[in-house]
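Work through the following exercises with the model open beside you, and try each task before reading its solution.

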Amino acid sequence: MLKALTRFRPKSLAGRLVVLASLWSLVVFACGGVALSWIFARSVSAAFDDRLDVLMDGLVGVVDVTPEGDLMVGVPPGEPRFREPFSGWYWQVEAPEQVEHSRSLWDTELPRAALEMARVIGPLGQRLRMLSRPVMIDGRIYRFRVAGDTASLTRETARFSVTVAIALAMLGAALVAGVLVQVAFGLRPLARLQAGLQKVRAGDDERLDGTFPTELEPVVAELNSLLAYNQDVIERARAHGGNLAHALKTPLSILSNEAERGDDHRLADAARRQLPRVERLITHHLARARMAGAAGSTAARVPVSPIVDELVRTLAKIYGARGVVLRRQQQIDAVFRGEREDFLEMLGNLLDNACKWATRDVEIGVEPTEGGFVVHVDDDGPGLPESERTSVIERGRRLDESVPGSGLGLAIVADHARLYRGSLVLGEGPLGGLRATLRLPGVLALPAVQPTRRVMPGRQPG
């Protein structure tokens with residue numbers, strides 16, 4: 001039966017519930033009906049045996065023996081059918097030389113069974129249940145027998161079984177109807193969930209609202225989170241398109257003005273200067289648009305420590321000529337949940353910005369947080385006033401044109417961090433300059449405490 005249930009898999013969830021409930025009810029009711037019939041049959045059989053025992057006592061009470069040893073049997077009380085020929089109820093008393101029996105036996109006798117309680121065949125093929133008992137009277141043993149037709153037992157048991165079957169069938173039908181109502185009522189929240197999703201798809205709602213059962217609340221929460229994420233991706237893609245259009249205005253205007261002047265030499269010179277910038281802007285914003293659709297859904301895992309080592313070695317070579325010293329604080333066995341290139345770009349921009357503005361010292365540290373980790377990048381440069389720390393990462397705004405760069409570094413880090421449900425915060429650092437705090441999702445192990453390592457200008461860390 002289990003194999004049949006395994007092969008039978010209705011596509012409808014309501015159908016599955018109804019079919020399983022019906023099959024289970026059928027099994028339970030069938031077993032219950034068989035058990036009730038068996039209990040009733042045992043009870044009726046025990047009552048029949050008790051009646052035979054009562055009739056036996058009555059028969060013993062009306063039997064007497066003459067001085068010559070002859071049997072004298074009166075009328076046994078309690079059963080008038082003893083006097084009806086072949087009625088199915090019989091008694092018999094056996095002596096060594098004499099047999100007395102009820103009028104119902106007519107000219108026949110009961111079988112001689114050795115067991116106290118036995119099933120025998122009586123006159124006319126009747127199925128009898130017979131009680132036999134030896135009784136001593138005046139020093140002599142007499143055998144008393146009382147028998148009754150079991151047809152009444154069979155009829156009563158069959159009648160009871162039919163009644164139970166009808167009752168259980170009606171109860172089963174009512175139960176199936178109740179299951180149908182229960183399934184229809186219980187699955188109604190799924191219909192409301194479907195209707196809510198249809199409204200979201202049609203643009204009538206932005207999220208799923210309303211009260212749902214406890215079992216569906218996690219599903220609704222995940223769907224709302226997915227809808228919010230998709231909306232966020234769309235908004236960021238629009239923002240990237242606007243940023244690209246805004247960034248291209250200046251170089252395209254320069255090229256357009258030079259073209260209108262008709263000076264081929266100046267136009268070529270402007271093209272050489274502006275076209276790399278246009279290409280860089282297009283590549284940058286296309287990469288950000290690509291990451292907007294990939295961040296948050298990637299299954300990539302990136303160890304943090306090797307990337308820190310790689311960037312520290314590279315920047316030590318680049319900025320060694322200026323005497324910049326990079327310090328790496330204790331190492332944390334953190335794993336970034338995202339793409340390696342994205343984390344490399346975020347951390348690389350922070351370290352590059354710190355090295356550009358640092359007088360001599362740059363420090364990087366990683367600390368654990370709930371659900372991820374933070375990266376602190378400190379420098380001993382001039383820092384930033386509190387009023388300018390937010391505006392410096394908006395669309396790559398530059399506060400000092402004397403320092404080389406496009407002004408997009410911190411904006412890239414902030415955008416990437418937001419896409420990974422993280423953040424970038426600028427503040428005052430312990431070295432007197434700027435502290436950039438990058439918060440990202442990740443997996444953490446126990447920190448491996450190591451001494452602070454210094455990377456001197458022009459030297460690679462060992």
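**Exercise 1. Establish the strand order of the open sheet of five strands, and decide which strands stand at its edges.**

In this predicted model, the sheet is best followed from one strand to the next. The order is β4-β3-β7-β6-β5, and the pairing is antiparallel. From this order, β4 (98-101) and β5 are found at the edges, because each has a single partner strand, and one side of each is therefore left without a neighbour in the sheet. The twist from one strand to the next averages 25°.

**Exercise 2. Work out how β3, β7, β6 and β5 are joined by bridges, and give a residue pair for each pairing.**

Step one takes β3 and β7, which pair in the antiparallel sense over six bridges; here V93 has F144 in β7 as its bridge partner.

Step two moves on to β6 (residues 127-137) and β7 (residues 140-149), whose antiparallel pairing runs over 10 bridges, with L131 standing opposite V146 in β7.

Step three reaches β5 (residues 117-121), which is joined to β6 by five bridges, again with the strands running antiparallel, and in this pairing R129 in β6 is the bridge partner of R119.

A last step adds the helix that covers these strands: α2 (residues 13-61) packs on the sheet and touches β3, β5, β6 and β7, while its direction makes about 140° with that of β7.

**Exercise 3. Find the residues with positive phi in the two hairpins of this sheet, and then examine W106 in the same way.**

Begin with the hairpin of β5 and β6, which has five residues between the strands and in which L124 takes a positive phi near 60°. L124 is not a glycine, and with a relative accessible area of 71% this residue is exposed.

Continue with the hairpin of β6 and β7, where two residues lie between the strands and D138 takes a positive phi near 50°.

Finally, turn to W106, whose place is in the loop between β4 and β5. Its phi is near 60°, a positive value in a residue other than glycine. Since the relative accessible area of W106 is 52% and exposed means over 50%, W106 counts as exposed.

**Exercise 4. Is F82 buried or exposed, and which residues does it touch?**

Locate the residue before judging it: F82 is found in the loop between β2 (71-73) and β3 (89-95). Its relative accessible area is 4%, and because buried means under 20%, F82 is buried.

Next, list its contacts, leaving out residues up to four places away in sequence: F82 touches L55, P76, W89, Y90, W91, S102, R103, S104 and V146. One of these, R103, is 21 residues from F82 in sequence, yet the two C-alpha atoms are 6.3 Å apart in space.

**Exercise 5. Compare the sense of pairing of β11 with β9 and with β12.**

Take β9 (residues 325-328) to begin with: this strand and β11 (residues 361-369) pair in the parallel sense over four bridges, and L326 stands opposite V362 in β11.

On passing to β12 (residues 372-379), one finds that eight bridges join this strand to β11 and that the two run antiparallel, with E363 standing opposite D378 in β12. The hairpin of β11 and β12 has two residues between the strands, and G371 takes a positive phi near 80° there.

**Exercise 6. Describe the packing of α8 against α9, from the axes down to the residues.**

Start with the geometry: α8 (residues 340-357) and α9 (residues 409-419) pack at an angle of about 145°, their axes being 9 Å apart, and the crossing is left-handed.

Then identify the residues that meet, which are D342, E345, M346, N349, L350 and N353 on the side of α8, and G409, L410, I412, V413, H416 and A417 on the side of α9. Sorted by class, this contact has six nonpolar, four polar and two charged residues.

**Exercise 7. Summarise the chain as a whole, using its elements, its burial, its contacts and its surface.**

The secondary structure comes to nine helices and 15 strands. Of the 462 residues in the chain, 39% are buried. When contacts between residues at least 6 apart in sequence are considered, 61% join residues at least 24 apart. The chain exposes about 26600 Å², of which carbon and sulfur atoms supply 58%.

Terms used. Residues are numbered from 1 along each chain as its sequence is written. This is a predicted model: local features need pLDDT of at least 70, side-chain atom pairs count only at pLDDT 80 or more; totals for chains, interfaces and linings use all residues. Side-chain values use heavy atoms; hydrogens and water are left out. Buried means under 20% relative accessible area, exposed over 50%, partly exposed in between (1.4 Å probe, protein chains only). Contact means heavy atoms within 4.5 Å. Accessible areas come from the Shrake-Rupley method with a 1.4 Å probe; for residues, only the protein chains shown count as cover. Axes are lines fitted to C-alpha atoms, for helices over the stretch in contact, and angles run from 0 to 180 degrees between N-to-C directions. A crossing is left-handed if the near helix is turned anticlockwise from the far one by less than a right angle, and right-handed if clockwise. Ala, Val, Leu, Ile, Met, Phe, Trp, Tyr, Cys and Pro count as nonpolar, Asp, Glu, Lys and Arg as charged, and the others, Gly among them, as polar. Two strands pair if DSSP finds at least two bridges between them.
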